[in-house]
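I opened the model to look up one helix and its surroundings, and then one sheet. My entries follow in the order in which I looked.

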There are 2 protein chains.
Amino acid sequence: MDKWKRSARLVDMTRQLLAQPYRLIPLTTFAERYKSAKSSISEDLAIIHEVFSNEGSGELETVAGAAGGVRYIPRMNQERAREVLRALTEQLANPDRILPGGFLYLSDLLGDTVLLSDIGRIFATVFAGEQIDAIMTVETKGIPLAHAVASYLRAPVVIARYDYRVTEGSVVTVNTVSGSSRRMRQLSLSKRSLAEGSRVLIIDDFMKAGGTVQGMIDLLNEFQAEVVGVGVMVESPAEEKLVDSYVSLATITQVDIKQRKIQVELGNLFTQKGEWKHEKS
Amino acid sequence: MDKWKRSARLVDMTRQLLAQPYRLIPLTTFAERYKSAKSSISEDLAIIHEVFSNEGSGELETVAGAAGGVRYIPRMNQERAREVLRALTEQLANPDRILPGGFLYLSDLLGDTVLLSDIGRIFATVFAGEQIDAIMTVETKGIPLAHAVASYLRAPVVIARYDYRVTEGSVVTVNTVSGSSRRMRQLSLSKRSLAEGSRVLIIDDFMKAGGTVQGMIDLLNEFQAEVVGVGVMVESPAEEKLVDSYVSLATITQVDIKQRKIQVELGNLFTQKGEWKHEKS
């Protein structure tokens, strides 16, 4: 192919950068691909960066030097995040979710790829700037959420399991206490799934007392891994939280089965000082 | 904001289209956003379409009329798909995957967000052109794969579960026979998760005789739902397959525990006539 026109180059570079968040792409790769001077490529990148950051949807980070290049960091501006969370809390407040026993049906939300993508971008914004080697969750409902976050942070996902499976090889197992029912459960993580000393972000769909999250933290300790942060989609009040530091998107404060009313508030993500780093005014 | 420059418009439209596969966006939405004439927008879309289709990474489909607009259809060209599958089969053939009993460790692949994204795009290409209302999988390992496909097809994911969970509400349950062990297991799907008459694509990580896939098909029958297709990442030979029509990416033909050798071949996806619709020559 001949030298690319600027218009075609802009479209193709945008496509490539968006498809590979956090991947450092050397400028030479672009220069060779488009048979263009590095100076033209730099001008293109400046245009892309300006559009992304004006829209609050991310930025391009340039790394100088021989091993340098450009990297796309996805973000969401606070205004858009508030819109997403307003829609989420509205959906959570729908009384049709109430199941016998006061449980809430959430599987529709966790199957909604558009919502998951928005939530993934929100958590990626909250935890941008942290070095994250892996994202951990627990089967089953946390998995879509963890993968949505991971796709924006370009990190692998590891899954803790309640039952030992033959397809996991040797595992490390800890005991967890479910805070609400005081029931003991075993939680396992395949030895192969995580390198020692990894920096890990924990993501889950729901947290009450935090027994499951604490179980994951205990597992990570067994791997000499470090917890970078904890993000949950929905939290619900508990007399005593086992985990103090976490980011939640929504809080379900009350489920009134008789009146068929669910009270939902915004989670703590905007009040977790310093973690919402990208504010667009 | 003032009228946008073409360069900024191209970057922003590319970003918006890529983020919303299969969503029909009216041209007026773009014209208003960029304060530009529809004719300019159409020219921009033509440039984007040309770049996407030259790279075999998708196309823009224009729908005429009052309810019309433009829609991004993600694809992967066959050359790139073959590269992805070559890398996948190489990874599958790594003897370190062999677990006691001849089982294979696959969780690293199913936690690899970059690989999953490629596989998602491949299945989205194979099943492009089908009307798909939902993507179904079974817990646990099929979930990341199903979500990867769903994100390119903009469809919700529903998850069949082996055990009844209180958070699923009323469920429909069927019996499945695991082809290899002849063991009976119950498979359930929440009644709320799927509307009657839906057109459903089944995605799973591994298939031998196809007992689990058959269980999902039985469940779908209970919902008067239609199976649009079946896609599995890895298949392995079985004396008798319960499912005849499926698309596989890789076939594990032999696992030799003593010699520590895994034989892997390409799956049937390129031979499933007519299903690989987007060939770039």
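I began with helix 3 of chain A, residues 38–54, which has 17 residues and reaches 24 Å from its first C-alpha to its last, close to the 24 Å expected at 1.5 Å a residue (1.5 Å times one less than the number of residues; helices are DSSP runs of H or I with at least four residues, strands runs of E with at least two, numbered from the N terminus). I noted that this is a predicted model, in which local features need pLDDT of at least 70, side-chain atom pairs count only at pLDDT 80 or more, and totals for chains, interfaces and linings use all residues. Residues are numbered from 1 along each chain as its sequence is written, chains are lettered from A and ligands numbered from 1 in the order in which they are written, and side-chain values use heavy atoms, with hydrogens and water left out.

Which residues of helix 3 of chain A are buried (under 20% relative accessible area, 1.4 Å probe, protein chains only)? I listed A:Ser40, A:Ile41, A:Asp44, A:Leu45, A:Ile47, A:Ile48, A:Val51 and A:Phe52. They lie on the same side of helix 3 of chain A, because they cover an arc of only 160° around the axis (taken from the directions from the helix axis to the C-beta atoms). These buried residues pack (heavy atoms within 4.5 Å) against helix 1, helix 2, strand 1 and strand 2 of chain A, together with helix 1 of chain B. Just after helix 3 of chain A, I found A:Gly56 with a positive phi of about 65°.

I turned next to an open sheet of six strands in chain A, with the order 4-3-7-8-9-10 and mixed pairing (strands pair if DSSP finds at least two bridges between them). Strand 4 and strand 10 of chain A stand at the edges with a single partner strand each, so one side of each is left without a neighbour in the sheet.

Conventions. Buried means under 20% relative accessible area, exposed over 50%, partly exposed in between (1.4 Å probe, protein chains only).
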